[in-house]
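This report walks through one protein model, from single residues to cores and a pocket. Please keep the structure open while reading.

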Amino acid sequence: MRNRFKFCTILMIISLILLAGCNKNQEVRIYSSDINSSISLTEKEDFFSIDVINDLEKYLRQGVSINEGLRNSGIVDFDEAGNIETINHVSLATPFTWRLEINGKKMEASNFNTVLKTNDEIAISIQSTEQKKDDKSLKFIILKLNGDSINRELNHSYVIPFVPEQSVRDIVKYNDLVELTANNKFIDTVRGYSPKAIEKWVIKVNGKELIENGLDMKLTPQDEVEILLERI
């Protein structure tokens, strides 16, 4: 089943849940209060698990700075400049960036030391630094690496800009994370991991396993390509 995001103006508001779109409204509002801390979701999808939502609810609270709350949650990583780099093992390829707002105002990394007050409203979204003002949607492909319970260290997802005529092969070769076999038809290694004799790589597009030679399949915006490690 294809996961989707709903886009609002130039922002892709996500419902802090791993991978999701265009026809569904997803939005997270985190209210900081020592009495009534709550998160209001308009739609629940599969982008991040409910545990992610609970972590943010627990750590983003009154009297705590945004920076402290995000770092203490254990699900947000930052780059050297203090900008959000990944959320729950989800990375954004250029030109996408994470956007954080408090009470409707964009917060730069330099303001992440702002201390939260009762009824502050926080929204986390994805934006493109190259999007035109009249373009109300982001076009992207999701590459999901899934080691399942076999190798959880492989688990990571990447939001990649969509390019016309983009194939599955183009996506799996993103950033040299995946190496193909000598005949260029099958997955050999993922982030340096080679499957054992009782394991195999499975490639899925929107939840459906690809048939042989499926790497040449052309993709459309919001498609999800998953590379899954399975036991034979």
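Asn206 counts as buried, at 12% relative accessibility. Buried means under 20% relative accessible area, exposed over 50%, and partly exposed in between (1.4 Å probe, protein chains only). The model is predicted: local features need pLDDT of at least 70, side-chain atom pairs count only at pLDDT 80 or more, and totals for chains, interfaces and linings use all residues. Residues are numbered from 1 along each chain as its sequence is written, and side-chain values use heavy atoms, leaving out hydrogens and water.

**Backbone**

Asn206 has a positive phi of about 55° although it is not a glycine. Its place is the loop between β15 and β16 (208-209). Asn184 also has a positive phi, near 65°. Asn184 sits in the loop between β13 and β14. Asn184 is partly exposed, with a relative accessible area of 33%. Most residues other than glycine have a negative phi, and most peptide bonds are trans. The peptide bond from Thr94 to Pro95 is cis, with omega near 15°. Pro95 lies in the loop between β7 (90-92) and β8 (96-102).

| Residue or bond | Angle | Loop |
|---|---|---|
| Asn184 | phi near 65° | β13 to β14 |
| Asn206 | phi about 55° | β15 to β16 |
| Thr94 to Pro95 | omega near 15° | β7 to β8, for Pro95 |

**Overall make-up**

The protein has three helices and 17 strands. These are DSSP runs numbered from the N terminus: helices are H or I with at least four residues, strands E with at least two. Of the 232 residues, 49% are buried. The accessible surface comes to about 12,000 Å², and 44% of that belongs to carbon and sulfur atoms. Areas come from the Shrake-Rupley method with a 1.4 Å probe; for residues, only the protein chains shown count as cover.

**Cores**

The largest nonpolar core has 27 residues. Such a core is a set of buried Ala, Val, Leu, Ile, Met, Phe, Trp, Tyr and Cys residues joined through side-chain atoms within 4.5 Å. Leu143, Val168, Ile187, Val225 and Ile227 have the most contacts inside this core. Elements that each supply at least two of its residues include β11 (140-146), α3 (168-172) and β17 (224-231). A second, separate core of 26 residues includes Ile87, Met107, Ile126 and Leu138.

Which residues does Val168 contact, leaving aside neighbours within four places in sequence? They are Ile203, Val205, Leu210, Gly214, Leu215, Met217, Leu219 and Val225. Contact means heavy atoms within 4.5 Å.

Leu215 is in the loop between β16 and β17. Leu215 counts as buried, at 3% relative accessibility. With the same neighbours left aside, the contacts of Leu215 include Val172, Leu180, Asn184 and Phe186. Leu215 and Val172 are 43 residues apart in sequence and 8.6 Å apart in space, C-alpha to C-alpha.

**Pocket**

About 380 Å³ of space lies in the largest pocket. Its lining has 18 residues, with Asp79, Asn83, Ile84, Thr97 and Trp98 nearest its centre. A pocket is an open set of points on a 1 Å grid over the protein atoms alone, where a 1.4 Å probe fits, with protein on both sides within 12 Å along at least five of seven lines; lining residues have an atom within 4 Å of a point. Points are joined across faces, edges and corners, and a volume is the space filled by probe spheres set on them. β8 gives the largest share of the lining, five residues.
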